[in-house]
Amino acid sequence: MPVEELDDKVILTDPSNAKNTATILKYGATVISWKNQDEEKLWLSSAAHLDGSKPVRGGIPLVFPVFGKQSDSTHPTYKLPQHGFARNSTWEFLGQTTESPVTVQFGLGPENIPSEAQSAWPYDFTLILTVSLADDKLSTAIEVENTGKEAFEFNWLFHTYYKIHDVTDTLVNNLVDQHCYDQLIKETYTEKAPAISFHEEFDRKYLNIDERKTLQVIDKGKVLYNLHRTNLPDSVVWNPWTKKAEGMADFEPKNGFHQMLCVEPGHVNSMIMLPPGDKWKGEQEITVGGEIKIQANIF
């Protein structure tokens, strides 16, 4: 059965290869597992809350309508929790849309979000998340529709946690010459590293990346993941390292930062203004393996 709906989750199985699966939790519409050839590709904390009590630590949490915590006290998202409410709301499973590749959709509207979030952000909207599983590929696409009479602003981000072998052996390429905001030192500069390496806490927001660029996660010369983006110009690259991992109660094991790396495509450098009746779409497509691509700032 390519699509199996359970009380709290939906499981996808590639009809052409049962070793390829994806599991989506209804709470947060969070992809909590993606297996390719029976090998897990997403990192999930062993202490992650999967009971709907708090956002999931790991997988692919969804960030909407604000990235981080809004600092402007006059902005409508100011009273919302960090990263908004999409990741801590229970989405409605809308069903299967195609058989090959196996594809399903989830929906979220004001009636599905916590009452305190609805009071703080009183706009009418519809979110449709589409998850598609193919041979060596997982794609997650979002459509945001303003169904009300007032325009609203929002951020979107796929907070993807990749499972890796050892972060100290891992590189992320094709970000050289990109403007970035380093969230640890609160400075903006141009990235000069030919490939990003990791030897301490890392938290940078790369800005306005041409979507023709493929971001790659590489382990000792072997491509683990290729990230293709549509209408998602920014990417956050994050690893908490020792101290921050120790400070997060739901991050286990505490040395698990060695086996995870977040590369998070989104629209977070600026907010999107969506007039009444309009729609906005964004998508990430992740493939495994392949050749290393060297794409300098040529676009």
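These legends describe close-up views of a predicted model.

Local features need pLDDT of at least 70 and side-chain atom pairs count only at pLDDT 80 or more, while totals for chains, interfaces and linings use all residues. Residues are numbered from 1 along each chain as its sequence is written, and side-chain values use heavy atoms, with hydrogens and water left out.

**View 1. Five strands form an open antiparallel sheet.**
The strand order is β1-β2-β3-β4-β5. Strands (E, at least two residues) and helices (H or I, at least four) are DSSP runs, numbered from the N terminus. Two strands pair if DSSP finds at least two bridges between them. β1 (3-5) and β5 stand at the edges. Each has a single partner strand, so one side of each is left without a neighbour in the sheet. Inside this order, β3 (residues 21-25) and β4 run antiparallel and are joined by five bridges. One residue to look for is A22, whose bridge partner in β4 is W34.

**View 2. N36 is a buried residue of strand β4.**
The strand covers residues 30-36. Relative accessibility of N36 is 7%, so N36 counts as buried. Buried means under 20% relative accessible area, exposed over 50%, and partly exposed in between (1.4 Å probe, protein chains only). The side chains of N36 and N20 share a polar contact of 3.5 Å. A polar atom of the N36 side chain also lies 2.8 Å from the backbone oxygen of D135. A polar contact is a pair of N or O atoms within 3.5 Å; within protein, one must be able to donate a hydrogen and the other to accept it, and residues adjacent in sequence count only if both atoms are side-chain atoms. Not counting residues up to four places away in sequence, N36 touches K19, N20, K41, D135, D136 and V288. Contact means heavy atoms within 4.5 Å.

**View 3. R57, Q82 and R87 are listed by UniProt for "binding site" in an unreviewed entry.**
These three span 31 residues in sequence, yet no two of their C-alpha atoms are more than 13.7 Å apart, so they gather at one spot. The lining of the largest pocket takes in R57, Q82 and R87. UniProt positions are given in the numbering used here, feature names are shortened, and annotations may be inferred rather than shown by experiment. A pocket, on a 1 Å grid over the protein atoms alone, is an open set of points where a 1.4 Å probe fits, with protein on both sides within 12 Å along at least five of seven lines; lining residues have an atom within 4 Å of a point.

**View 4. Q82 and R87 touch each other.**
Q82 is in the loop between β6 and β7, and R87 is found in the loop between β6 and β7. Q82 is partly exposed, with a relative accessible area of 43%. Leaving aside neighbours within four places in sequence, Q82 also touches G68 and K69. On the same basis, the contacts of R87 include Y27, G28, P55, P61 and L62.

**View 5. Two cis peptide bonds and two positive phi values are shown here.**
Most residues other than glycine have a negative phi, and most peptide bonds are trans. F64 and P65 are joined by a cis bond, with omega about 0 degrees. P65 lies in the loop between β6 (62-63) and β7 (92-98). The bond from S100 to P101 is also cis, with omega near 0 degrees. P101 sits in the loop between β7 and β8 (102-108). D38, not a glycine, has a positive phi of about 70 degrees. D38 is in the loop between β4 and β5 (39-40). W241 has a phi near 60 degrees. W241 is in helix α2 (residues 241-247) and counts as buried at 15% relative accessibility.
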